[in-house]
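Q: Could you walk me through this structure slowly, since I am new to reading models like this?

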Amino acid sequence: LGIRFFEGKHYWRDNDGRQFECVARPRVLVPFETAAKVCSMFAMEPRLVDVEPHWEKGDFLMATPPVPVVAVLGHINHGKTTFLDTVSGSHSAPGEPGGITQNLRCFTARVDTGHQAGSGSFDRSRITFVDTPGHEVFEIMRGRAAEVADAAVILVSVEKGAEIQTDEVIQQADRFGVPLVFALNKIDLPHTHIELARAELRRQCQSLFDRGLVSRD
């Protein structure tokens, strides 16, 4: 695979030439051709399985209303995983390799909306959240999360404001027609400027719209 180790990270490229990085070596993705060659050396028969088959909505008959899926998107270190830890009562953030999220993680939480569980087109008693990595190399992961989501929460730290991946996830959500909710995080920190963060977001969204990169203002 040509894996190289530099400054505490493993770097490698897949068969399409895309570069990836991770902190933990067991997270390195091995191409099927390489894994198949190793399997044959041990008299094992490899089998390639499509882990992301294409399904049409008509392929499934829903006996009960589906649980809405909400993707939590944003730039790295803006507090997405910590936010979801608070919602779920878990403690995932402290155990992340390198202190950053490097994969997709989902969980379903019960919510009290005052409506019956099966009223309407969705199950209103539960929400499935998708935690996404914010590092620039995980753009494909974020896109997959946005594609399957019914809504997206873009988390923005008022400490840092709108950043590069904030720009990217706004475009991804627009591309898949996902309704957006902007959530300002870390407002309890000292010397933060909430109105400045809001102004940055407004300017960023307006700039994307003016340049034709999103379809709605």
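The chat below goes through the sheet, two helices and some salt bridges.

Q: Before we start, what sort of model is this, and how are residues numbered?
A: This is a predicted model, in which local features need pLDDT of at least 70 and side-chain atom pairs count only at pLDDT 80 or more, while totals for chains, interfaces and linings use all residues. Residues are numbered from 1 along each chain as its sequence is written, and side-chain values use heavy atoms, with hydrogens and water left out.

Q: OK, the sheet then: in what order do the strands come?
A: The order is E5-E6-E4-E7-E8, five strands that form an open sheet with mixed pairing. Strands (E, at least two residues) and helices (H or I, at least four) are DSSP runs, numbered from the N terminus, and two strands pair if DSSP finds at least two bridges between them.

Q: And which are the edge strands?
A: They are E5 and E8, each of which pairs on one side only. Neighbouring strands of this sheet are turned by 25° against each other on average, with direction ignored.

Q: How many bridges join E4 to E7?
A: Four bridges join E4 to E7, and these two strands run parallel. Val72 stands opposite Val153, which is in E7.

Q: Which strands does H4 touch?
A: Helix H4 packs on the sheet and touches E4, E7 and E8, and its direction makes about 170° with that of E7. Contact here means heavy atoms within 4.5 Å, and the angles, which run from 0 to 180 degrees, are between N-to-C directions of lines fitted to C-alpha atoms, for helices over the stretch in contact.

Q: Let's switch to H5, how far does that one reach?
A: Helix H5, residues 194-210, has 17 residues and reaches 24 Å from its first C-alpha to its last, close to the 24 Å expected at 1.5 Å a residue. That expected span is 1.5 Å times one less than the number of residues.

Q: Which residues of H5 are buried?
A: In H5 the buried residues are Ala197, Leu201, Gln204, Cys205 and Leu208. They are on the same side of H5, because they cover an arc of only 95° around the axis, the arc being that of the directions from the helix axis to the C-beta atoms. Buried means under 20% relative accessible area, exposed means over 50%, and partly exposed is in between, with a 1.4 Å probe and protein chains only.

Q: Why would residues spaced like that point the same way?
A: An α-helix has 3.6 residues a turn, so residues three or four places apart point the same way.

Q: What do the buried ones pack against, and which residues are exposed on the other side?
A: The buried residues of H5 pack against E7, helix H4 (164-175) and strand E8 (180-185), whereas Glu195, Arg202, Arg203 and Asp210 are exposed on the other side. H5 lies across E7 and E8, running at about 150° to E8, and just after H5, Gly212 takes a positive phi of about 75°.

Q: What about H2, which residues are buried there?
A: In helix H2, residues 80-88, the buried residues are Lys80, Thr81, Leu84 and Asp85. Their arc around the axis is only 135°, which puts them on the same side of H2. These buried residues pack against strands E4 (69-73), E5 (105-110), E6 (126-131) and E7 (151-157).

Q: New topic: how many salt bridges does the structure hold?
A: It holds six salt bridges, where a salt bridge is a side-chain nitrogen of Lys or Arg within 4 Å of a carboxyl oxygen of Asp or Glu.

Q: Which side chain does Asp167 meet in one of these?
A: The side chain of Asp167 meets that of Arg211 in a salt bridge, at 4.0 Å from N to O. Asp167 lies in helix H4 and Arg211 in the segment after H5, so the pair ties together parts that are 44 residues apart in sequence. Asp167 is buried because its relative accessible area is 18%, whereas Arg211 is exposed, with 53%.

Q: And where are Arg216 and Asp174?
A: Their side chains meet in a salt bridge, 3.0 Å from N to O, and this pair links distant parts of the chain, with Arg216 in the segment after H5 and Asp174 in helix H4, 42 residues apart. Arg216 is partly exposed, with a relative accessible area of 37%, while Asp174 is buried, with 13%.
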